[in-house]
Amino acid sequence: MKIRNRQCGIHQHEPEKGVTSMDSRIEKLADILVNYSVKVQPGENVLIQDTGIEPEFDRALIRAVHKAGGRAFVTLRDKTIDRALLLDAPEAQIALQAEFELERMKKMQCFIGFNSWRNMSAWSDIPEDKLNLYNIHVWKKVHIEQRVPHTRWVVLRYPSPAMAQMAGMSEEAFENFFYDVCTMDYGKMSKAMDALVERLKQTDKVRIKGPGTDLEFSIKGLPPVKCDGTINIPDGEVYTAPVKNSVNGVISYNTPSEYQGFTYEGVRFEFKDGKIVKASANDSDRINRLLDTDEGARYVGEFAIGVNPYITKPMKETLFDEKIAGSIHFTPGNSYDDCFNGNKSAIHWDLVLIQTPEYGGGEIWFDNELVRKDGLFVVNDLKSLNPDALK
């Protein structure tokens, strides 16, 4: 997930003396997060939320925050402990947890949150009613309503054996891939995104075509936002939102999506006047219960175009998959304040459709003009966003 665009050049400091080459990559990433992504200022409070417990990275972030003149606060979380809490917690306990976390979040100017996955299915057996209570109380009140609009924030994943396994890579190869992606030249990408932002500003009707997909909607009057390393790491998308009631047609996603411990595959939505009127997947009953979380869950809060040249295949990790070059994501649920289409929900689910030839191809049309075919931009002003130009 993501929100406002905060422009700034990347200022990468030299690693401190005595730091090993491996440490230098961690220090470089911490520096990007603190000084480029959230731009910590003297006297600001910064909450570092570590899920998975990575002390070396926590220490690097703390050093970077203090060097910038900020005040670092750290929360350490573990998915198995959260699971134990949620399994038997009454609603009053979850609501009280949200109250405590909300009061702390209100005192923060910046938030850096990361997960180091040990087991992507750690929450798979938590009853759906408990997950809904967590979404409605903690996630919605603390993160969607407070953190997202009222702090400068960035979220990321940290390399772990589970992530390497999901990517089908050795741990060393995945770690090298991770640092290549996460410390790329986001300043160059940001400049290349400007042309797409201008295109989207001028666009009314969007059409998405591909195998099992023929979808039309309007984005008129909804401001595009470039995500260039200031709110997600890795980053690489430009997003806007559809006019809430304008979506009609069908979309068939071709990327598996892990959500709350369950992996959805073969997700297909049919829309009428903005609403998902028919939904199917490898567990159609489950996906429909999720979409019934609240009224806004069946409407779309985001439409985004992925352009990160280093991410080319899915790994069931949304923060990476939604940035795949040649992809889009079309998101049921909550709409962001800086591109608000009127839809509110406790859900925000970035589902990805890849349109490169390996995944069946596809097209994007703006106002009856073909702008991207089979994952590559075909109009001159947008060709600088194709992978060969960005690397």
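How much space lies in the largest cavity? In this predicted model, the largest cavity holds about 50 Å³ of space, and the structure has 1 cavity of 30 Å³ or more. Its lining is made up of Thr255, Pro256, Ser257, Glu258, Lys316, Glu317, Thr318, Asp321, Asp350, Leu351 and Val352. Strand E11 (257-259) and helix H10 (318-321) are the elements that contribute two or more residues to the lining of the largest cavity. Sorted by class, this lining comprises 5 charged, 3 polar and 3 nonpolar residues.

Open space was examined in the same model. The largest pocket contains about 1,100 Å³ of space, and among the 44 residues that line the largest pocket, those closest to its centre are Lys79, Asn115, Trp117, Trp139 and Arg157. The lining of the largest pocket consists of 19 nonpolar residues, together with 14 polar and 11 charged ones.

Two sheets are described here. Strands of a sheet pair through backbone hydrogen bonds, in either the parallel or the antiparallel sense. One open sheet is formed by 5 strands in the order E2-E1-E3-E4-E8, with parallel pairing. Because strand E2 (71-77) and strand E8 (232-233) each have a single partner strand and stand at the edges, one side of each is left without a neighbour in the sheet. Strand E1 (residues 45-51) runs parallel to E2 and is joined to it by 7 bridges; within this pairing, Val46 has Ala72 of E2 as its bridge partner.

The other open sheet is built from 8 strands in the order E14-E13-E10-E6-E5-E18-E19-E20, and here the pairing is antiparallel. Its edges are occupied by strand E14 (275-280) and strand E20 (376-377), each of which has a single partner strand, so that one side of each lacks a neighbour in the sheet. Towards the E14 edge, strand E13 (residues 268-272) is connected to E14 by 5 bridges in the antiparallel sense, and Glu270 stands opposite Lys278 in E14.

Elsewhere in this antiparallel sheet, strand E5 (residues 205-210) is joined to strand E6 (residues 213-218) by 6 antiparallel bridges, with Gly210 opposite Thr213 in E6. E5 and E6 form a hairpin that has 2 residues between the strands, and Gly212 in the turn adopts a positive phi of about 70°. E5 also pairs with strand E18 (residues 363-366) over 4 bridges, again in the antiparallel sense, and the bridge partner of Ile208 in E18 is Ile364.

The largest nonpolar core contains 120 residues, of which Phe57, Phe269 and Phe330 touch the most other members. When residues up to four places away in sequence are not counted, Phe57 touches Ile26, Leu29, Ala30, Leu33, Phe114, Leu156 and Tyr158.

A further set of contacts concerns a helical residue. Glu128 is found in helix H5 (residues 128-150), and its relative accessible area of 26% places Glu128 in the partly exposed class, because this class lies between the 20% and 50% limits. Neighbours within four places in sequence aside, Glu128 is in contact with Arg286 and Arg289. Glu128 and Arg289 are separated by 161 residues in sequence, yet their C-alpha atoms are 8.8 Å apart in space.

Technical notes: Residues numbered from 1 in each chain as written. Predicted model: local features only at pLDDT ≥ 70, side-chain atom pairs only at ≥ 80, totals over all residues. Heavy atoms only, no water. Buried < 20%, exposed > 50% of the residue type's maximum accessible area, 1.4 Å probe, protein only. Contact = heavy atoms within 4.5 Å. 1 Å grid on protein atoms, 1.4 Å probe; cavity = no way out; pocket = protein on both sides within 12 Å on 5 of 7 lines; lining within 4 Å. Points joined across faces, edges and corners; volume = space filled by probe spheres on them. Nonpolar A, V, L, I, M, F, W, Y, C, P; charged D, E, K, R; others polar. Core = buried A, V, L, I, M, F, W, Y, C linked by side-chain atoms within 4.5 Å. Pairing = 2+ DSSP bridges.
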